[in-house]
Amino acid sequence: MRPIRTFNVTPALPPRLAGLKKLAYNLQWDWDVDTIELFRRLDPDLWESSHYNPVLMLGMLNQQRLQAIADDEGFVAQADRAAQRLEDYLSERTWHHRNRAQAGECYAYFSMEFGLTSCMPVYSGGLGVLAGDHLKSASDLGLPLVGVGLLYQEGYFAQYFNADGWQQERYPVNDFYNMPLELERDDQGSEIRIAVEYPGRTVYARVWRVQVGRVPLYLLDTNIEPNNQYDQDICDRLYGGDIDMRIHQEIMLGIGGVRMLEALGLKPTAYHMNEGHSAFLALERIRRFMEGDSLTYAEALQVAASSQIFTTHTPVPAGIDLFGADKILYYLGRYARKFGLADDEFLALGREDTGNLSTPFSMAVLAIKTASFVNGVSQLHGAVSRDMFGGLWQDLPQPEVPITAITNGVHARSCVAKPTQELYDRYLGPNWSQAGAQDALWERVKSIPDEELWRNHELCRSQLVKYVRSHLQKSLLERDAAPTEVAKAAEVLDPSVLTIGFARRFATYKRATLFLRDVERIRKIITGGGQRNRRVQFVIAGKAHPKDIPGKELIRSIIHFTRDEGLDGSIVFVPNYDIHTARAMVAGADIWLNNPRRPREASGTSGMKAAMNGLLNLSVLDGWWDEADHVRTGWAIGSGEEYDDPDYQDEVEANALYELIEKEVVPLFYDRDENDTPRGWVAKMKDAIHLNTPRFNTSRMVKEYTRRAYFMVSDRLHQLSADQYAPAKELAAWHNRLYEHWYDTKIQAINIAAPSDLQVNETFNVQAKISLGKLSPEDVLVELYQGTVQVDGEMHTGIAIAMDYQGQDADGKSLYATEMQYVTSGLQGLSLRLLPRHRYLHSSLETRLMLWANPEEVAINMESSAPPVAPTAPATPHPS
């Protein structure tokens, strides 16, 4: 029976407890351990059964219990302190206030998923948790940032296993009215709604707000009338459905997200695309500049791109969203018509090879072509991304491809266990969670007594074992397992044994079963060869995508192995991995294991969380671990090798893993003094805390995004939009002229006044004659490019040296000259290149145009000496 009217009923709190509602609806409680304890104190069992959801819990408490709590002076005092902490947090002067004077800025952060807390299951894994941590640190730092995403009715799946160990999925329905989020309404109290055009119809969405400290996260929800059932399901499941549903979701995220921001009265100065899912926002922004500000397509593209940022998390082409040309034109062809572009011109926005009309449309390529700042999420991933997308800048040496790297981080207060946070607060002070690597407080880690740090960690390990046992029992009861199996689950693991944690998405390249490659050897490691004080145990968790059959096979093989080998008490697979389980594991394990196929792990943040809790990492040198101190804070599997034969790689690296566990990890862990404290192990724990916490922290990461990207694109947008977009119009007109005449330019002659055998630091002159056609010297940058010649005869890296314009010769050719020298010996090379230049360009590489000297077409004159050119100061080399 359908109701004739609906009501949103909220908890009726006694006046003395009114502050609990504000605390519950601001997710700052998720990283304030004292506020979490406040909610737990209300009703520990209800706190757990509500899935750690204070809004739901407050609604489930009966009025008698609430009144009894209101009469508890101790609880009221604790609640008042928590409310005051929140007020102080929201009103304090922040890092952003101290470092940015401009008013009116707003940074919009778009992501397909946000992992903030376990009671909001609208995330699938690392990408979402990274996005959630980004918002949390943006709040801590006081950034004027807003999050933009979709609110999924069923979210990502909950995982359980059948009796055979095969992953099953269920999709619990999210009850938005009992979650820490609220509908956005206008001044008249009506829901704020936006409309997005799809072929033959309009789809509507309402807006929910999640308050993350100071930062609002706005989520679109299509599960409303008058949408038809298919359109209501656009926001049904994260990464669910077919390719048509995926493009529906990404249109709603990108285009709907831009419209939502406008409906909320927000005017962002920076649009950050976290992965390519939201890249359609560029099309909507171009359209709005054209229609609202009377700009041409070329002008609107310049303005939109000036304020957009793209972060790629994908280390392999298979991970990029691709759509066929027919899909793009069917769903978005109206934008091509509005822009005045032919179909192939429009599709070229998402194609690397624009001449290949069969190439699918890439969301990552669209994002790159419409962004002023592009980055990978670790230094190694930045290099992988430059290689993967380097074709967009033809003939550009890979190190110069304008894709930089900002290494990921994690939000310290969200992932460090409560007792460990209290330990750090005592010895390091309350500011450790945001302190930089150079802060003197990190030297205080040495002052933490070894025994105290170790007993604290033993407590966390015991809590992990308790959690795993309870969690496993509940999972078995839910599938009606035999009573003996449930009873056995209450005895898995040993709180005194060396515990190795492994938790991540079960993609095959992550090689979750590598440690099982040699059955007898791993059995001997686990049993300690019969010695009780040498035993090892494993806690494993993670989900495979519902359609990833090989990933599900990996999970099943682990479960079967533990049963068949009688090791199910020492190797435990924890079902339904989520944020809460992750926090228990990264706090309570001793070793964090990660063994992907290098270089396919873009970053990997779980190991960072483990290190902040004092865990030691045991990992392949991939992602973040490749740039960490893997000697002092853990162990490296291999030395960064890459293999052509996967089976051979698995054999080599499995043996390396066993060797490390047997000869280094186990002996160091069990080498105890008279107080049963492993002094050598604790020393490495302290290094892990000291060296990794400040470096792999989202406080550092978000500051880096802000300084390098948000400030830059906000300033650039302000620059191009000044005087009714006069700079943007000038730049667009220059672009048109540049593309029209660029291919008429020609490097005609190069005169190198140097012997073939040079000495290090010997200075020589180089002159060049260039025909610029209808371009002017102000339009171009002429550079010498010098570097070491490799065995293949190529210069893969080098130094660019700007040449000085000397005027024109009698034939109207432009003359350039400079002095240069080599600072290293060996076979060195020299070339010359032409790049576009304009005062409003962010980078000469922005146009993706470049002309290199071709030895077969350019007259190259070598002289042992030459008359000096007009006096100029030697150019300063700039690393490329």
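In the predicted model, helix 19 meets helix 23 through His 457, Cys 460, Arg 461, Leu 464, Tyr 467 and His 471, which face His 580, Thr 581, Ala 584, Met 585, Ala 587 and Gly 588 of helix 23; contact here means heavy atoms within 4.5 Å. Of the residues in this contact, six are nonpolar, five polar and one charged, where Ala, Val, Leu, Ile, Met, Phe, Trp, Tyr, Cys and Pro count as nonpolar, Asp, Glu, Lys and Arg as charged, and the others, Gly among them, as polar. Helix 19 spans residues 450-478 and helix 23 residues 579-588; their axes lie 8 Å apart, at an angle of about 145 degrees. Axes are lines fitted to C-alpha atoms, for helices over the stretch in contact, and angles run from 0 to 180 degrees between N-to-C directions. Helices (H or I, at least four residues) and strands (E, at least two) are DSSP runs, numbered from the N terminus.

Residues are numbered from 1 along each chain as its sequence is written. As the model is predicted, local features need pLDDT of at least 70 and side-chain atom pairs count only at pLDDT 80 or more, while totals for chains, interfaces and linings use all residues; side-chain values use heavy atoms, with hydrogens and water left out.

Next comes the sheet. Six strands, in the order 17-16-15-18-19-20, make an open sheet with parallel pairing; two strands pair if DSSP finds at least two bridges between them. Strand 17 (571-574) and strand 20 (634-637) are the edge strands, each pairing on one side only. Four bridges join strand 19 (residues 616-620) to strand 20 in the parallel sense, and Val 620 stands opposite Ile 637 of strand 20. Two helices can be followed across these strands. Helix 22 (residues 549-564) lies across strand 16 (536-541) and strand 17, at about 140 degrees to strand 17. Helix 26 (residues 679-692) lies across strand 15 (498-503), strand 18 (591-594), strand 19 and strand 20, at about 75 degrees to strand 19.

The largest nonpolar core has 186 residues, and Leu 20, Met 252, Phe 280, Leu 332, Phe 346, Tyr 710 and Leu 832 have the most contacts inside it. Such a core is a set of buried Ala, Val, Leu, Ile, Met, Phe, Trp, Tyr and Cys residues joined through side-chain atoms within 4.5 Å, buried meaning under 20% relative accessible area (1.4 Å probe, protein chains only). Helix 27 (residues 698-741) gives the most to this core, with 15 residues. A second, separate core of 70 residues includes Val 445, Ile 525, Ile 540 and Val 620.

Terms used: Buried means under 20% relative accessible area, exposed over 50%, partly exposed in between (1.4 Å probe, protein chains only).
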